[in-house]
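Please open the structure in your viewer and keep the selection panel at hand. The tour below goes from stop to stop, saying what to select and what is to be found there.

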Amino acid sequence: MKTAEMSVPEIIRETAATLKSAGFDAWLVGGCVRDLLIGREPKDWDITTNARPEDIQKLFEETFYENNYGTVGVVTQSENPKLKVVEITPYRIEGKYSNARHPDEVRFSDKLEDDLERRDFTINAIAYDVMSGEMRDLHGGREDLARKVIVAVGDPHKRFEEDALRMLRAIRISAELDFAIDTQTATGIAANAAQLGKISRERVRDELVRIVMSERPLQALYMAQRLGILKYVLPELEEGLGCNQNQAHSFDVFEHLLRSLQHAADKNWSLDIRLSALLHDIGKPATREWSEEKKDWTFHGHDVVSAKMTKKILNDLKFPKDTVSKVSNLVRAHMFFSDPDVVTLSAVRRLIARVGQENIVDLVNLRVCDRIGTGRPKEHPFRLRKYMSMIDEAMRDPVSVGMLKIDGAKLIEKGEAPGPRIGWILHALLEEVLDEPSKNTEEYLEKRAGEMSDMADEALKELGEKGKDRKTEEEEAEVKKLRAKHHVS
Ligand code: ATP
Ligand code: MG
């Protein structure tokens, strides 16, 4: 393992030097020391010191102090976003926790030992003095780094009881570093799993995102399941355990979803694709029915139910609205694939119109994850390539209202009153153009719009919302039926 000759940025050295020349200690601590020791680039830099917040604020030109933990942010001149703010925290002693979330009080200390003792894992509790090169490793962190294990500092039971988020941090760090979790630490997690229910959904989400974005989400989520904390992160995922599928699959729904996600990670695809891969069949357990005729399981409407569940799950975890709508949209559409030898170009155009041009490549990638996740990839990649070339072709045709050779302004100019009728007419015209792109001419569309202008509201609305609304109603009915059957509200 590399030792202290580590590449610490100049700005960090200067910050430490300022503290030291004023007579205070300055130790790098936490993830940055851990990462330096294993040759990984630190995500952020933390300094701990015996100076108090007031002292720190006096020593640096630009600082902010807006929390209850004593952490002062020092604003630097650096262009690098990771170095723009260096966080300096006074030595702290672990306070009493009565809610598994926040210490009841924050107490400062004069001793580095106290501060190292309150940290979560031994590998995160190594202090390094950049000025002298000295290391303080009171809990065997370097040894655990070499063994690649995550070990709680002190009694794991107590530490997880104090702060339940640490359990999820253990899994996340193990996913990011490919470390094992020490047996006693794992036992402590299993015993305190239910405490995770007290942690805010935003904090759970942040750790979940890091797990999903790591190189090995499959391994990590399996571990979370085994240790009993997945129930408090994504309970719906556990319903897929032992939920066997039809002949096309080697795995139960749970493993299929994790393998689909793992493929997205192997490809280094975006968070949106990864979440879609993880959730695309989340509604399968609720829709599973045995078919005597097929002598196999069926999952009718699982795409619709999965999309609804995805929306709810991501909203509960406080994901941004864009993420929720994009991911549930992809999940809703994931069954699009049909035999490119029989599918028509107009069906492909309708698919693009429904999911949006900007999402179509992600949808195909989701399909790739789904395919690999079966463990029995039956579709030859050739078929997918052929479908992709049809998508390319269809993308040259008009697939949205904005691509029509007529717009709302033109309709108004021709005498149509502003209001919902404009939208109905444009959508009705798009329906025709999706079937037959050559109809996208000013001449034809103006003529058809003229005819539609004479239609009564009721009839025009029906025409305009034909493609879109009919589908939604059917979906609502389907979901109601399923809910009733499974007694869920
Ligand atoms: P990364 O920066 O890669 O996210 P990290 O380990 O540095 O990983 P931070 O959230 O930056 O994570 O926390 C910095 C340090 O603060 C940790 O290394 C650990 O020593 C301590 N720490 C963070 N969260 C906790 C916690 N919940 N309980 C105890 N110590 C913690
Ligand atoms: Mg950090």
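**From the domains to the pockets**

Begin with domain 2 and domain 4, whose centres, taken over C-alpha atoms, are separated by 55 Å. Bear in mind throughout that this is a predicted model. To see how these two fit into the whole, colour the protein by its domain assignment, which gives domain 1 (5-144), domain 2 (148-233), domain 3 (267-396) and domain 4 (401-466).

Next, keep domain 1 (5-144) and domain 2 (148-233) in view, and look for the largest pocket, which lies between them because both give residues to its lining. The volume of this largest pocket is about 1,400 Å³, and the elements that contribute two or more residues to its lining are helix 2 (31-37), strand 2 (46-49), strand 5 (85-90), helix 7 (165-177) and helix 9. Select helix 7 in particular, since with six residues it gives the most to the lining of the largest pocket.

Which residues should be selected to find the centre of the largest pocket? Of the 42 residues that line the largest pocket, Asp-46, Arg-119, Asp-120, Arg-169 and Arg-172 lie nearest its centre. If you colour the lining of the largest pocket by class, you will find 25 charged residues, together with nine nonpolar and eight polar ones.

Now select ligand 1 and show the residues around it, which number 15, with Arg-34, Asn-124, Asp-163, Arg-166 and Arg-210 coming nearest. Zoom in on Arg-34, where a polar side-chain atom lies 3.0 Å from an oxygen atom of ligand 1, and then move to Arg-166, where an N or O atom in the side chain is 2.7 Å from a nitrogen atom of ligand 1. Arg-169, already selected as one of the residues nearest the centre of the largest pocket, has a polar side-chain atom 3.2 Å from an oxygen atom of ligand 1. Ligand 1 on its own has 580 Å² of accessible area, and the protein covers 84% of it.

For the last stop, turn to the cavities: how many of 30 Å³ or more does a search of the whole structure find? The search finds one, and the space in this largest cavity is about 30 Å³. To locate the largest cavity, select Leu-168, Leu-208, Ile-211, Leu-221, Ala-224, Leu-230 and Val-233, which line it. Helix 9 (201-212) and helix 10 (217-226) each supply at least two residues of this lining. Coloured by class, the lining of the largest cavity shows seven nonpolar residues, with no polar and no charged ones.

Terms used. Residues numbered from 1 in each chain as written. Chains lettered and ligands numbered in written order. Predicted model: local features only at pLDDT ≥ 70, side-chain atom pairs only at ≥ 80, totals over all residues. Heavy atoms only, no water. 1 Å grid on protein atoms, 1.4 Å probe; cavity = no way out; pocket = protein on both sides within 12 Å on 5 of 7 lines; lining within 4 Å. Points joined across faces, edges and corners; volume = space filled by probe spheres on them. Helix = DSSP H or I, 4+ residues; strand = E, 2+ residues; numbered from the N terminus. Nonpolar A, V, L, I, M, F, W, Y, C, P; charged D, E, K, R; others polar. Domains from an automatic or database assignment. Near = heavy atom within 4 Å. Polar contact = N/O pair within 3.5 Å; in protein donor to acceptor, adjacent residues only side chain to side chain. Areas by Shrake-Rupley, 256 points an atom, 1.4 Å probe, with all protein chains shown as cover.
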